[in-house]
Amino acid sequence: MKRLRLASTILFGVATAVLLVIWIRSYYAADRLEGWAPGGDSLIVASKQGGVAVMTFEWKGPAGDWKWQLKSRAVDDTSSFPADDMSQHTGRGGFGELDYATYVVSPTLERGDGVVMMGETYWLRGNGFIVPYWSLVLVGSALALATRWRGRFTVRGLLILLAVAAVAIVGVKFIFTGEPEVEEVPLP
């Protein structure tokens, strides 16, 4: 049991470290994995500007354009996914929903003789979501630490855990609503 706990701690620790590296990379490189999902839909998993976007949709373009591939572009490149800024699809805290997204098959090119060739742009309509990397790193860190727990609590440890949970709940509420709820009490 001791070796299993150590192996799971190492596994979650390495996974969290990899997530941290990808999180940092997402601010200067937009990576995406695209291909066919089970059931005939198409799937995009993209990493851009501190978030992971996952979207399924029905591909309406040429069938040859859509196959399993990994692409990497600069964050400000129009052929990154989504083509616009990630913050347009997210709310406070970085969570969001994708119903429509711009997908550029081929970017606009300017040849040496001054001729501009327009790229192919599609509006994708489907279901998707955006999850910020900070939440994934937080879950990975919590899992790595939880595997080290031996099942014994002291009263002091429980009080510290309760205080941390209360601060986390208020923090999450602040992220999604904008300000913590504080009741004004009239002075006597």
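Here is a quick briefing on the fold, cores, largest pocket and backbone oddities of this protein. Keep in mind that this is a predicted model. The protein has 188 residues, of which 29% count as buried, and its secondary structure comes to 3 helices and 8 strands.

**Overall layout**
- Starting at the N terminus, the elements go α-β-β-β-β-β-β-β-β-α-α.
- Sequence-distant pairings show up a lot in the contact list: take the contacts between residues at least 6 apart in sequence, and 63% of them link residues at least 24 apart.
- As for surface, about 12,700 Å² is exposed, with carbon and sulfur atoms supplying 66% of that area.

**Nonpolar cores**
- In soluble globular proteins, nonpolar side chains tend to be buried together.
- Here the largest nonpolar core holds 13 residues, and the members touching the most others are I44, M55, F81, L98 and L124.
- Four strands each put two or more residues into this core: β2 (42–48), β3 (51–57), β5 (96–104) and β8 (121–132).
- There's also a second core, separate from that one, with 5 residues; A37, L43, V52 and Y133 are among them.

**Largest pocket**
- The largest pocket offers about 160 Å³ of space.
- Its lining is made up of 16 residues, and those nearest the pocket centre are Q49, G50, G51, G94 and P132.
- If you're thinking about chemistry, the lining splits into 7 nonpolar, 8 polar and 1 charged residue.
- Two elements, β8 and α2 (133–146), are each on the list of those giving at least two residues to this lining.

**Backbone spots to check**
- Which residue pair is joined by a cis peptide bond? That's F81 and P82, with omega at about -15°.
- P82 sits in the loop between β4 (69–74) and β5, while F81 is one of the residues with the most contacts to other members of the largest core.
- Q49 has a positive phi, near 50°, despite not being glycine.
- You'll find Q49 in the loop that runs between β2 and β3, and Q49 is also one of the residues nearest the centre of the largest pocket.
- Is Q49 buried, partly exposed or exposed? Its relative accessibility is 25%, and buried would require under 20% while exposed would require over 50%, so Q49 counts as partly exposed.

Key:
Residues numbered from 1 in each chain as written. Predicted model: local features only at pLDDT ≥ 70, side-chain atom pairs only at ≥ 80, totals over all residues. Heavy atoms only, no water. Core = buried A, V, L, I, M, F, W, Y, C linked by side-chain atoms within 4.5 Å. Buried < 20%, exposed > 50% of the residue type's maximum accessible area, 1.4 Å probe, protein only. 1 Å grid on protein atoms, 1.4 Å probe; cavity = no way out; pocket = protein on both sides within 12 Å on 5 of 7 lines; lining within 4 Å. Points joined across faces, edges and corners; volume = space filled by probe spheres on them. Nonpolar A, V, L, I, M, F, W, Y, C, P; charged D, E, K, R; others polar. Contact = heavy atoms within 4.5 Å. Areas by Shrake-Rupley, 256 points an atom, 1.4 Å probe, with all protein chains shown as cover.
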